[in-house]
Every structure is written in structure tokens, then in C-alpha cells.
Amino acid sequence: LPDSGLVELMTQWRPRPHSRGIRTVALTHCTAITDMGLVSLRSTAASLLELDVSHCVSLTVGGMLNILEECNHLSRLSLFGCTPLLMDSSVCDMARTAGARLKALDCGLPA
């Protein structure tokens, strides 16, 4: 799924009245997704609880920090296999930005 596909999906999505909105987004192995694609998740910011970007190797720390700042209810984040994001300082920055609301952070590396 490229950025354009994610942007298109998020543009077409409209919450129904009294809907809780999108609570989970899984983009595992979407290696073409970049920070530009993540920007489209802003429409889910009020409801997003879980984000799985495992193996999305084109994301940057800056893009993830923006999502963590905007998605105030995000409590689970999977970065498994996102090698460019898994530097000690980057993980610390993301954890600091998310604060106590982040209950689970998967930073595993593939074997």
C-alpha cells in the first residue's frame, strides 16, 4: 500500500453519527508508506488507540513523533522490524512524547 492508497482510504472514510471512529490501524509490511502517508491518519486522531507499523521501513522518527503528538489516545504502538526507528535515542523520544498513555510499545527486531 503506497502513501496515495492510504491517503485515499482515509479521505473516503467518514465516521457515522455516534460512531467511536477508527480505533486500530494495522499497516504491517507496507514498506512504501512514508511520513506523508501517516499524515492522513490525523482524521483518526481522536479515536485511534492502536497503531501497528511493523516493518514499515520508510517511516522516520519525525513522522512517528507527529503521530504520537496528535493521537492523544494512542496506547499501543508496534514498531517491530522498523530498524530505522529503533535507535535508543529515537525510542526514548517516542516514549517521552507519548508519555504514560502508551501502555505497549513493541520495538522488536526480526531474527
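Biologist: Which exposed residues does the face of α1 turned away from its buried side carry?
Modeller: In this predicted model, the buried residues of helix α1, which spans residues 3–12, are D3, G5, L6 and M10. Seen down the axis of α1, these buried residues fall within an arc of 165 degrees, and therefore they line one face of the helix. The face turned away from that buried side carries the exposed residues S4 and Q12.

Biologist: Against which element do the buried residues of α1 pack?
Modeller: The residues concerned are D3, G5, L6 and M10, the buried residues of α1. Their packing partner is the helix at residues 35–39, namely α2.

Biologist: How many disulfides does the structure hold?
Modeller: A disulfide needs two cysteine sulfur atoms within 2.5 Å. The sulfur of C30 has its closest cysteine sulfur in C56, at 5.3 Å, which is too far for a bond, and the sulfur of C82 likewise has its closest cysteine sulfur in C56, at 5.6 Å, again too far for a bond. The number of disulfides in the structure is therefore, with these distances in view, 0.

Biologist: Is C82 buried or exposed?
Modeller: A residue counts as buried when its relative accessible area is under 20%. The relative accessible area of C82 is 0%, so C82 is buried.

Biologist: What is the relative accessible area of C30, which is buried?
Modeller: The cut-off for a buried residue is a relative accessible area under 20%. C30 meets this cut-off, because its relative accessible area is 11%.

Biologist: Which side chain meets that of E70 in a salt bridge?
Modeller: Side chains of opposite charge can pair when their charged atoms come close. E70 lies in helix α3 (residues 61–70), and its partner lies 28 residues apart from it, in the loop between α2 and β2 (50–52), so that the pair links distant parts of the chain. E70 is partly exposed at 32% relative accessibility, and the partner is partly exposed as well, with a relative accessible area of 44%. At 2.8 Å, N to O, the side chain that meets E70 is that of R42.

Biologist: In which helix do R96 and D93 both lie?
Modeller: The side chains of R96 and D93 meet in a salt bridge of 2.9 Å, N to O. R96 is exposed, with a relative accessible area of 59%, whereas D93 counts as partly exposed at 30%. The two residues are 3 residues apart, about one turn of the helix, and the helix that holds both, at residues 88–98, is α4.

Definitions and conventions:
Residues are numbered from 1 along each chain as its sequence is written. This is a predicted model: local features need pLDDT of at least 70, side-chain atom pairs count only at pLDDT 80 or more; totals for chains, interfaces and linings use all residues. Side-chain values use heavy atoms; hydrogens and water are left out. Buried means under 20% relative accessible area, exposed over 50%, partly exposed in between (1.4 Å probe, protein chains only). Helices (H or I, at least four residues) and strands (E, at least two) are DSSP runs, numbered from the N terminus. The arc is that of the directions from the helix axis to the C-beta atoms. Contact means heavy atoms within 4.5 Å. A salt bridge is a side-chain nitrogen of Lys or Arg within 4 Å of a carboxyl oxygen of Asp or Glu.
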